Every structure is written in C-alpha cells, then in structure tokens.
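Take a moment to look over the model below. The paragraphs that follow lead from a metal site to a bound ligand, then along some strands, and end at a second chain.

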Amino acid sequence: MTRSEAVRHAATTTLPSDGASAAQSRPQAAATGVPLAVVSLEGASVAVGGRTVWSGVSLQVQAGQFVAVLGPNGVGKSTMLKAVLGLVPLSGGRVTVLGERPGRRNAAIGYLPQRRAFDPGTRIRGVDIVRLGLDGDRWGTPLPGWLRGSKGRAARARVAEVIDLVGATGYARRPIGQCSGGEQQRLLIAQALVRRPQLLVLDEPLDSLDVTNQASVSALIQEVCRSQGVAVLLVAHDVNPLMPYLDQVIYLAHGGAVMGSPEQVITADTLTMLYGTPIDVLRDRAGRLVVVGQPDAPTDHRLPR
Amino acid sequence: MSSGLSWNLADDVRQMLVFHFMLNALRAGTIVAVVAGAVGYFMVLRRQAFAGHTLAVIGFPGAAGATWLGLSPVFGYFGICIAGALVIAALPSGGRANAGLGGYGEESAVIGTVQAFALACGFLFVSLYKGFLSGLNNLLFGTIIGVSDDQVLVLLIAGVGCLAMLMVLARPLLFSSVDGAVARARGVPVRVVAAGFLVLLGLAAAGTSQVTGSLLVFALLVAPAATAARLTARPALGLTLSVFIALVVTWAGETIAFFSPYPIGFWVSSLAFAAFLLATGFRAVSDRHGQRRSRASARPMGNRVAAGAV
Ligand SMILES: Nc1ncnc2c1ncn2[C@@H]1O[C@H](COP(=O)(O)OP(=O)(O)OP(=O)(O)O)[C@@H](O)[C@H]1O
Ligand SMILES: [Mg+2]
C-alpha cells in the first residue's frame with residue numbers, strides 16, 4: 001500500500017461524524033501507525049467569480065508537519081487557505097480538515113489572513129485583539145476580569161503567555177494602530193496561537209518583518225509546530241527563512257499544485273518553470289538550500305499563468 | 001426658559017424638577033444618552049459614522065411624514081430609521097465594518113444620494129403639513145418642552161431592547177469590527193452581526209433625534225464615543241466612558257437650556273464638542289510625553305511593559 005493509499009484508507013475508514021469522535025479517532029489512527037491527515041484535498045477545484053483558480057489538486061498535510069505554500073501572485077494561494085477554512089466553496093472534489101468538512105472545526109484552527117495593517121487610528125490594544133482570538137466568537141458581553149474568578153484569570157494568563165511567546169509584551173498594551181507593521185504581525189500571530197490550535201493557517205506571516213524577525217518568527221512557528229504537534233500551512237514568497245524547517249512544499253502554478261519535499265520541489269528547474277523567470281537554487285557550506293532571484297520581481301510584466 | 005438661576009445647585013435642580021416637561025426631558029435624555037453612548041462607541045470603532053449620520057437624517061422625513069399623516073412623530077422616527085438600517089444592511093457591502101483599504105466607495109455614494117433625497121422629502125412633508133415653522137426647527141434641532149409621557153415610555157422600551165440586544169452582540173460585534181476576516185473564519189456570522197448592529201444604530205439615531213433633533217444626533221452618537229476613544233484604548237473602559245460622557249453632556253445641556261434662552265440642541269452639542277476638544281488636547285499632550293519617554297528608554301528594547309499605555 002502506498003502512503004497516499006494508506007492515508008485515503010485511514011480517512012475513509014475512520015471518518016468521524018462529530019467532534020468528539022474525531023478527537024477519539026486520532027490516537028487510534030496513530031496507534032495503528034497510519035497518521036490521519038489534518039488537511040486532505042482530493043481532486044479539489046475552486047472557482048472564484050466564475051473563473052477556475054486551480055483544479056484537480058490532491059494533497060495531504062499530516063499532524064505536526066510544517067508545509068509552505070509557494071507560487072507567484074494571483075495563483076490562488078490565499079484561495080487555497082480559504083478553501084481549507086471553508087470560506088470559499090469548492091467547485092469540485094473534496095476537502096477534509098481535521099476529519100470534517102471545511103469550516104466545521106475552525107475553532108481548532110489558528111488563522112492569519114494576508115497583509116492587514118490596522119488603521120493608525122485604531123484605538124484597541126494588542127492584548128484585546130489577542131483576547132478576541134480566545135473567546136471573541138462567543139455571544140454576550142464578558143464580565144470584567146475581577147468578577148470572573150479563576151476562569152477570567154486563566155484566560156488572562158493564557159493571553160499574557162502567548163504574547164510573551166511571540167515576544168510582543170513590550171507593545172501589547174499600546175493601541176494596535178500605533179504599532180509598527182511587524183509588531184502588529186506578531187500580535188496577530190499570537191492571536192492565531194492563543195486557542196492552542198491543531199492547525200495553523202498563516203497567509204504570508206513573514207510579510208512586513210525584517211530579516212532577523214523573519215528568522216525568529218519562522219523559528220517560533222517551527223517550535224510551536226514541533227512541541228505541540230501542530231500542523232502548519234503557511235504561504236510565503238521568500239522561502240529562505242523557512243528552509244531549515246520545512247517538511248513539505250506545495251507549489252501552485254498553472255492552475256494546479258505539486259507537493260513534495262523541499263529537495264524535490266525547490267530546484268532551479270522546477271522554480272524557473274513555475275515562475276517563468278530564471279531562478280537559481282544554491283547550496284551553502286552547511287548544505288542548506290538558498291533560492292536566488294526574486295520570484296515576485298517584475299522581470300516580465302506578463303504573469304506566468 | 002425660566003431665568004431664576006440662583007447658583008445654588010440643589011435649589012436650581014428642585015426648581016427645574018417642578019416642571020413636568022423638564023422631568024420628562026431629563027428622563028428621555030438619560031435613556032437616549034445611555035443608548036447613544038454605547039451604540040456610538042461601536043459606530044466609531046467600525047467607522048460607520050456615515051451610515052449613522054444617514055440614519056439620523058432620514059429620521060427627519062420620517063417624523064415630518066408621520067406628523068403630516070396625523071401620527072405621532074415617534075413612530076415616524078423609529079419606523080424609517082429601522083427601515084433605513086435594513087436597506088443599508090442589504091447593500092452589497094452589507095454595512096460591514098469599514099476596515100478595508102477600499103472603504104465605502106460605491107456604498108457611500110448610494111447612501112449619500114438617498115440621504116439628500118430624504119432631506120428634500122422631509123422638507124416637502126413639512127410644507128404640506130403647513131404647520132408652524134417651529135415644528136421644522138424642533139424636528140431638526142430638538143426641543144426641551146416637547147417630550148410627552150408616552151414618548152418617554154416608547155423611548156424606554158426601545159432603549160432597553162436596544163441595550164439588551166447590544167449586550168448579546170457585544171463580543172462578536174467587537175471581534176468582527178476590528179478583525180472581520182478572522183471573526184468570519186471563527187464562525188461569527190459577520191453579516192448578521194453587521195445587520196443587527198445597523199438596526200441598533202437606527203434605534204439609537206431615532207431615539208436621539210427626539211431629544212437633539214435630526215441634525216444634532218451626532219452630538220450624542222459620535223462626540224462622546226470619539227472623546228472616549230481618545231482617552232483610552234480599552235474596549236470596556238471606552239464603552240463606559242462614552243456612556244458617562246453622553247450622560248453628563250445631556251444632563252448639563254438640558255439644565256443650561258432650562259435656565260437660558262437658547263435651545264437644548266445647541267447646548268448639548270457645544271458641551272460635547274468641548275469634551276471632544278479637551279480629550280484631543282489631552283491625547284496630543286500624552287502622546288508627546290509618551291514619545292519623549294519611549295525615546296529616553298529606546299536602548300533597552302526588552303520586554304518592558306509600555307508605561308505610556310492607557
Ligand atoms: N473576490 C474575488 N473575486 C474575483 N476574483 C477573485 C477574488 N478574490 C480573488 N480572486 C482571484 O483569484 C485568484 C487567486 O487569488 P489569491 O488571492 O488566492 O492569490 P494569491 O496566490 O494569494 O496571490 P498573492 O500572492 O498576491 O497573495 C486571483 O487571480 C484573483 O484575481
Ligand atoms: Mg494571497
């Protein structure tokens with residue numbers, strides 16, 4: 001049985017009907033040695049505004065895997081994340097997320113949408129934004145913390161913990177509109193992490209970070225991924241800071257997707273073909289891969305489609 | 001109004017409360033201020049002041065039309081404001097929080113056009129009614145003597161309903177206001193919440209119109225909330241402050257209007273404006289302080305909790 005057959009087998013035999021049985025079926029699947037895919041696409045297609053963005057995509061992301069989604073602008077990377085979250089409907093095929101239809105288990109998914117800067121006049125603190133990630137979807141008005149006893153304390157402690165984890169303690173109490181783009185990005189990553197998700201769906205989290213911070217945020221995401229077995233699906237344009245951590249790479253281009261290990265996909269030939277512009281892949285002294293040539297630089301104004 | 005200001009606060013208040021109309025004005029003002037302060041806080045946060053302004057302005061043709069038809073203007077205000085809220089919610093962008101880069105664009109053009117037409121209709125109704133000119137003034141700029149017992153009762157029911165609904169919506173509303181994409185992914189019915197909020201905004205605008213008049217609704221709907229937002233970035237504190245400022249401004253405005261010859265709308269608006277100016281000044285000063293302080297401590301870039309945070 002090949003690996004993908006095994007996964008499909010596991011998915012069809014243990015397909016749970018509700019959240020509780022999903023939680024039970026996971027260790028079971030692990031016990032039989034067949035990992036249950038956290039995200040699985042089977043021949044999936046998506047059309048936005050009547051135009052098919054990509055089609056016939058089949059791939060699996062396993063628990064604890066760090067997966068980058070790469071590809072030129074407008075190829076449908078964000079759309080793929082939205083399909084996983086159930087925010088855009090499929091036009092064909094099937095997507096299963098944490099054992100259910102997309103959208104059903106979103107409470108267990110941490111999501112960071114693409115490129116959002118808060119308006120400078122936004123008078124809400126970073127802590128409040130993170131806190132909303134914890135319980136913002138619940139109806140009602142929260143009681144003041146000191147009236148909520150141990151529960152309120154636990155919630156506040158969790159928010160403080162996750163803010164500390166991303167290193168945002170120094171500015172979390174400033175109005176978020178006055179934080180720099182990179183500071184906002186860290187707070188939003190904290191928001192995505194605060195519920196201890198099983199899957200992180202991050203759309204260009206390294207965007208607007210400087211080189212040092214790209215490295216440290218990549219390392220942070222990898223740390224969460226490893227220590228808590230969280231699967232990570234991350235869109236990026238610059239793969240270099242992620243290179244040491246990647247398990248798998250999904251490349252989107254020409255209306256389809258390829259998935260493979262970084263060594264398989266990140267080669268000069270594949271990248272040059274996918275982006276339609278010359279790209280070199282070099283190996284440094286430590287044996288690490290380095291991608292040279294900027295995939296998004298407008299060398300040619302025709303987008304590769 | 002009456003001119004017997006004695007500068008003895010207790011006496012003055014007692015003298016004022018002898019008049020039943022004044023008691024009603026204060027009751028109505030209190031209800032309206034609480035609702036406008038609370039709803040206004042979210043309106044400012046969501047940058048929906050334009051939608052709020054429109055809902056306030058269309059209250060005028062609603063009230064004028066109701067008067068012309070021989071109905072109580074109260075029903076005109078509430079009816080047209082709720083209907084208007086539902087129409088805005090049904091527009092393509094669904095009255096969602098105006099957080100994106102694109103802003104309202106198309107939608108504001110549609111709303112603006114309808115708003116001008118609504119004002120014109122209101123004026124037509126007033127001339128059809130051939131009422132006294134003061135009727136027009138009162139509809140536009142408010143009056144202190146016009147509030148009946150029935151009106152207070154309607155305001156109370158609407159106000160309590162409005163606050164109850166706001167309390168149910170509050171957290172998802174805040175979430176979808178500041179972070180719509182994530183809220184939607186988390187399963188918050190963003191569009192339903194937005195529509196619900198617009199109805200609340202309509203209720204608040206209709207209620208406030210009856211105290212300040214259609215054109216001065218913003219004295220209570222925007223100014224206290226904007227003032228509070230300048231003073232704090234904490235949501236709970238901001239909401240509380242907004243309500244508090246609206247209350248103080250209303251009570252003070254009504255009291256001054258009682259002892260002075262000038263209309264209530266002017267006093268409430270002026271006090272709200274003064275509070276806003278003070279808060280803006282405070283913000284500017286404390287920002288300058290914060291900058292100086294953060295420059296002074298710029299070198300140790302550690303995990304120091306920002307002391308300048310409010
Ligand atoms: N609301 C929409 N209506 C119509 N077309 C859309 C809409 N949103 C996205 N598209 C189209 O879908 C395609 C994929 O968009 P998507 O945002 O997924 O690209 P992307 O790969 O994330 O690009 P980028 O690198 O620029 O973020 C694009 O061609 C875009 O024009
Ligand atoms: Mg994108």
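A metal donor here is an N, O or S atom within 2.8 Å of the metal, and because water is not among the atoms, a site may look incomplete. Keep in mind that this is a predicted model.

Start with the magnesium ion, ligand 2. Two residues coordinate the ion: A:Ser78 through OG and A:Gln114 through OE1. The distances are 1.9 to 2.1 Å. These two residues come from distant parts of the chain, 36 residues apart. A:Ser78 sits in helix α3 of chain A, which spans residues 77-85. A:Gln114 sits in a loop of chain A, between β5 (109-112) and α4 (126-135).

How covered are the two partners? Buried means under 20% relative accessible area. A:Ser78 has a relative accessible area of 17%, so A:Ser78 is buried. A:Gln114 has a relative accessible area of 27%, so A:Gln114 is partly exposed.

Now turn to ligand 1. Its shell holds 14 residues. The closest are A:Arg51, A:Lys77, A:Ser78, A:Thr79 and A:Gln114. Both magnesium partners, A:Ser78 and A:Gln114, are thus named among the closest residues to ligand 1.

Look at some polar atoms around this ligand. A:Arg51 places a polar side-chain atom 2.6 Å from an oxygen atom of ligand 1. A:Gln114 does so at 2.7 Å, also with a polar side-chain atom. A:Val75 uses its backbone: a polar atom there is 3.2 Å from an oxygen atom of ligand 1. On its own, ligand 1 has 640 Å² of accessible area, and the protein covers 63% of that. Two elements of chain A give two or more residues to the shell: β2 (51-62) and α3. Which element gives the largest share of the shell? That is α3(A), with three residues.

Next, follow the strands of chain A. Begin with β5(A), the strand before the loop of A:Gln114. A:Ile109 and A:Tyr111 point one way from β5(A). A:Gly110 and A:Leu112 point the other way, and all four are buried.

β5(A) runs parallel to β6(A), and four bridges join them. A:Gly110 has A:Leu200 as its bridge partner in β6(A). A:Leu112 has A:Leu202 as its partner there.

Is β6(A), residues 199-203, mostly covered or mostly open? It is mostly covered, with five of its five residues buried. A:Leu199, A:Val201 and A:Asp203 point to one side of β6(A). A:Leu200 and A:Leu202 point to the other.

β6(A) also pairs with β7 of chain A, residues 231-235. This pairing is parallel too, over five bridges. One of the bridge pairs is A:Asp203 with A:Val235 in β7(A). Between the two strands, the chain passes through helix α7 of chain A, residues 211-228. This β-α-β crossover is right-handed.

Finally, move to chain B. How many helices and strands does chain B have? There are 13 helices and zero strands. From the N terminus on, the elements of chain B are therefore helix after helix. Chain B has 310 residues, and 49% of them count as buried.

How values were computed. Residues numbered from 1 in each chain as written. Chains lettered and ligands numbered in written order. Predicted model: local features only at pLDDT ≥ 70, side-chain atom pairs only at ≥ 80, totals over all residues. Heavy atoms only, no water. Donors = N, O, S within 2.8 Å, 3.2 Å for Na, K, Ca; no water. Buried < 20%, exposed > 50% of the residue type's maximum accessible area, 1.4 Å probe, protein only. Pairing = 2+ DSSP bridges. Right-handed = clockwise from strand over helix to strand, strands pointing away. Near = heavy atom within 4 Å. Polar contact = N/O pair within 3.5 Å; in protein donor to acceptor, adjacent residues only side chain to side chain. Areas by Shrake-Rupley, 256 points an atom, 1.4 Å probe, with all protein chains shown as cover.
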